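Q: I've got this chain open on my screen and I'd like a close look at one part of it. Could you pick a single residue and walk me through its surroundings?

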Amino acid sequence: MKLASLKHGRDGRLIVVSDDLSHYVEAGAAAPTLQAALDDWAAIEPKLAALADDLAKGAVAAQPLDPAALAAPLPRAYQWADGSAYVNHVELVRRARGAELPESFWHEPLVYQGGSDRFLGPRDAIPLVDEAWGCDMEAEVVVVTDDVPQGTTAEDARKLIRLVGLVNDVSLRNLIPGELAKGFGFYQSKPASALSPIFVTPDALGERWKDGKLHGTLHVDLNGQPFGRADAGVDMTFDFGTLIAHLAKTRSLGAGTIVGSGTVSNRDADGGTGRPVANGGLGYSCIAEVRMVETIRYGTPATPFLRHGDTVRIWMEDDCGQALFGTISQTVESI
């Protein structure tokens with residue numbers, strides 16, 4: 001089942017989308033918003049599933065889907081917790097500055113709590129006041145949970161994942177060092193992120209969803225050129241069940257909590273640092289990573305961060321080449 005939100009007020013208007021993303025039906029009779037559906041998922045999910053079945057059979061009047069009319073599936077959420085499940089990415093960050101990776105990073109996830117009061121829509125611009133801030137995209141996988149009790153195990157947490165999607169976790173790289181040096185975490189360096197237009201229930205992903213991981217190529221294009229083609233199911237040290245259990249160690253999580261994987265990152269075929277797509281590699285899911293590789297190999301980074309007018313596209317395809325979650329397509333704009 002594929003769900004989305006039309007732009008409407010603060011929280012959007014819930015719709016059910018056809019598998020080929022061409023048409024939709026309004027879901028207001030079941031739940032006015034996606035958050036309302038998540039608040040009572042056990043009762044509302046069967047109604048949405050029946051609507052999706054009617055849509056697939058042509059048994060209900062459907063409207064053509066205009067991607068430009070879509071907000072983020074959850075335009076605002078009660079919680080947005082982003083992890084760093086691909087330790088290869090973390091290792092590269094530290095290697096680039098000559099620091100060793102602590103052994104604990106392989107056994108306990110890193111997470112931070114981001115701003116969830118506003119998510120950008122999949123076609124909204126990336127607002128950037130100052131290019132000197134080092135604006136970067138980060139292509140990631142996200143899941144949305146049901147209520148998660150404190151102390152939930154990783155195995156049980158996987159059963160509480162209700163939806164899967166993608167995110168462009170925008171980062172202002174040149175503001176990060178100063179913030180982290182204060183010892184109190186991210187804030188200014190983590191502006192609003194953009195969610196994929198469609199969220200999908202795990203059962204509808206088939207073999208692509210397995211063991212708490214989303215498997216398949218995560219496509220990232222920068223200014224119309226292939227930038228990243230990493231497999232989201234490879235080199236993921238911590239699956240989503242493990243991430244959620246880590247979050248729930250000391251607190252419960254409310255329905256509608258969004259959990260991010262962190263930047264998807266693969267090692268090269270020889271086990272080394274990744275290569276650009278143009279050189280036969282899988283590329284990168286963020287600019288910081290290619291800059292890290294350039295620093296390790298050549299002593300200094302060469303690839304610039306995002307500038308006004310740059311375009312970013314993020315998507316994942318099914319076996320027929322159809323975008324599973326729609327496409328995040330954004331342009332960096334001056335404000």
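A: Here's a walk around Y86, followed by a look at the whole chain. Bear in mind that this is a predicted model, where local features need pLDDT of at least 70, side-chain atom pairs count only at pLDDT 80 or more, and totals for chains, interfaces and linings use all residues. Residues are numbered from 1 along each chain as its sequence is written, and side-chain values use heavy atoms, with hydrogens and water left out.

Y86 sits in the loop between β5 (80-83) and α3 (87-96); helices (H or I, at least four residues) and strands (E, at least two) are DSSP runs, numbered from the N terminus. Y86 has a relative accessible area of 1%, so it counts as buried (under 20% relative accessible area, 1.4 Å probe, protein chains only).

What does Y86 touch, leaving out residues up to four places away in sequence? The list is A232, V234, D235, M236, S261, G262, T263, V264 and S265, with contact meaning heavy atoms within 4.5 Å. Take V264: it's 178 residues from Y86 along the chain, yet their C-alpha atoms are separated by 6.2 Å. Over at A232, the side chain of Y86 reaches the backbone oxygen at 2.4 Å.

Now zoom out. Contacts between residues 24 or more positions apart make up 71% of those in the chain with a separation of 6 or more. Buried residues account for 53% of the 335 in the chain, and the chain has seven helices and 20 strands. Along its principal axes, the C-alpha trace spans about 60 × 45 × 40 Å.

Note on methods. Buried < 20%, exposed > 50% of the residue type's maximum accessible area, 1.4 Å probe, protein only. Polar contact = N/O pair within 3.5 Å; in protein donor to acceptor, adjacent residues only side chain to side chain.
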